[in-house]
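Please go through the predicted model shown here. The text below starts from a single residue and then moves on to strands, pockets and a cavity.

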Amino acid sequence: MGDILFLIHRIPWPPDRGDKIRSHWMLRHMAARARVHVGCFTDDARDAEYIDAMAAVTASQHVEARSKPMWRAGGEALLSGRPVSITAFDSAAMHAFVADTLSRHPIDRIVIFSCQMAHYVPRDFAGKLIIDFVDVDSAKFDGYARKGNPLMRWINAREGRKLAAFEAEMARRADARLFVSAAEAALFVERSGVDAGRWH
């Protein structure tokens with residue numbers, strides 16, 4: 001087995017909340033079996049205190065502060081036609097880390113934690129792609145679109161549509177699709193029309 005590239009929307013240290021607990025133990029499980037290269041973001045200074053702890057189990061890592069303001073992410077999303085959930089996590093430095101890691105190491109699988117990081121997977125990547133969607137993010141925005149003022153309803157409805165299309169596109173590319181429960185997986189299949197195979 002070759003190396004693994006693990007891309008996570010939030011540093012998986014310390015494992016003190018739902019998403020961090022899940023990604024933390026995924027990382028530890030993989031690191032016990034292969035060399036794992038990690039790309040992730042921090043939300044605040046407290047997160048950054050754990051970079052060295054993560055380094056102890058990674059082959060290499062790129063950790064950067066997610067500092068893009070939401071107004072800028074929203075503007076980029078409107079101009080590009082992409083979901084805000086994707087533009088908020090878009091970074092030239094992270095793209096460079098992914099490209100460098102794929103060129104310098106024998107990566108034969110990419111593991112994505114949270115669909116916000118799936119846009120970093122190159123179109124021509126020939127290895128295995130595993131995406132842990134965790135839950136159906138786009139469904140949350142559909143729910144938000146049913147309340148609030150007219151502008152926020154429009155913003156959330158747009159996000160739900162755009163994100164659902166992106167989720168479906170990436171699900172079709174993935175060799176394995178992970179969800180936190182069978183109910184979430186079934187909801188995704190119902191909403192996306194993607195076949196029910198390769199779900200875990």
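Glycine 127 has a relative accessible area of 26%, so this residue counts as partly exposed, a class that lies between buried, under 20%, and exposed, over 50%. Its place in the chain is the loop between β4 and β5. When neighbours within four places in sequence are left aside, the contacts of glycine 127 are Asp108 and Asp175. Alanine 165 lies 38 residues away from glycine 127 along the chain, and the C-alpha atoms of the two are separated by 23 Å.

The loop of glycine 127 leads to the two strands that it joins. β4 and β5 are paired in the parallel sense, with five bridges between them. One of the bridge partners can be named: phenylalanine 113 is matched with aspartate 132 in β5. β4 also pairs with strand β1, residues 3-8, again in the parallel sense, and this pairing has six bridges. Here leucine 5 has isoleucine 110 of β4 as its bridge partner. How much of β4 is covered? Five of its seven residues are buried, which makes the strand mostly covered.

The open spaces of the model come next. The largest pocket has a volume of about 580 Å³. Its lining holds 28 residues, and those closest to the centre of the pocket are Val84, Ser85, Gln116, Phe141 and Glu159. Several elements each supply at least two residues of this lining: α4 (70-80), α5 (84-87), β5 (128-134), α7 (137-144) and α8 (150-173). Which of the elements has the largest share of the lining? That share belongs to α8, with six residues. Sorted by class, the lining of the largest pocket consists of 14 nonpolar, eight charged and six polar residues.

The second largest pocket contains about 230 Å³ of space. Its lining is made up of Met1, Ile4, Trp25, Met26, His29, Met30, Arg33, Arg109, Val111, Ile130 and Leu178. Two or more of these residues come from each of α1 (18-31) and β4 (107-113). α1 gives the most, four residues. β4, the strand that pairs with both β1 and β5, is thus met again in the lining of this pocket. By class, the lining of the second largest pocket has eight nonpolar residues, two charged and one polar.

Last comes enclosed space. How many cavities of 30 Å³ or more does the model have? The count is one, and the volume of this largest cavity is about 40 Å³. The residues that line the cavity are Val136, Ser138, Ala164, Glu167, Phe188, Arg191 and Ser192. α8 and α9 (182-192) are the elements that give two or more residues to this lining. α9 gives the most, with three residues. The classes in the lining of the cavity are three nonpolar, two polar and two charged. α8 is therefore an element with a part in two linings: it gives two or more residues to the cavity, and it has the largest share of the lining of the largest pocket.

Technical notes. Residues numbered from 1 in each chain as written. Predicted model: local features only at pLDDT ≥ 70, side-chain atom pairs only at ≥ 80, totals over all residues. Heavy atoms only, no water. 1 Å grid on protein atoms, 1.4 Å probe; cavity = no way out; pocket = protein on both sides within 12 Å on 5 of 7 lines; lining within 4 Å. Points joined across faces, edges and corners; volume = space filled by probe spheres on them. Nonpolar A, V, L, I, M, F, W, Y, C, P; charged D, E, K, R; others polar. Buried < 20%, exposed > 50% of the residue type's maximum accessible area, 1.4 Å probe, protein only. Pairing = 2+ DSSP bridges. Contact = heavy atoms within 4.5 Å.
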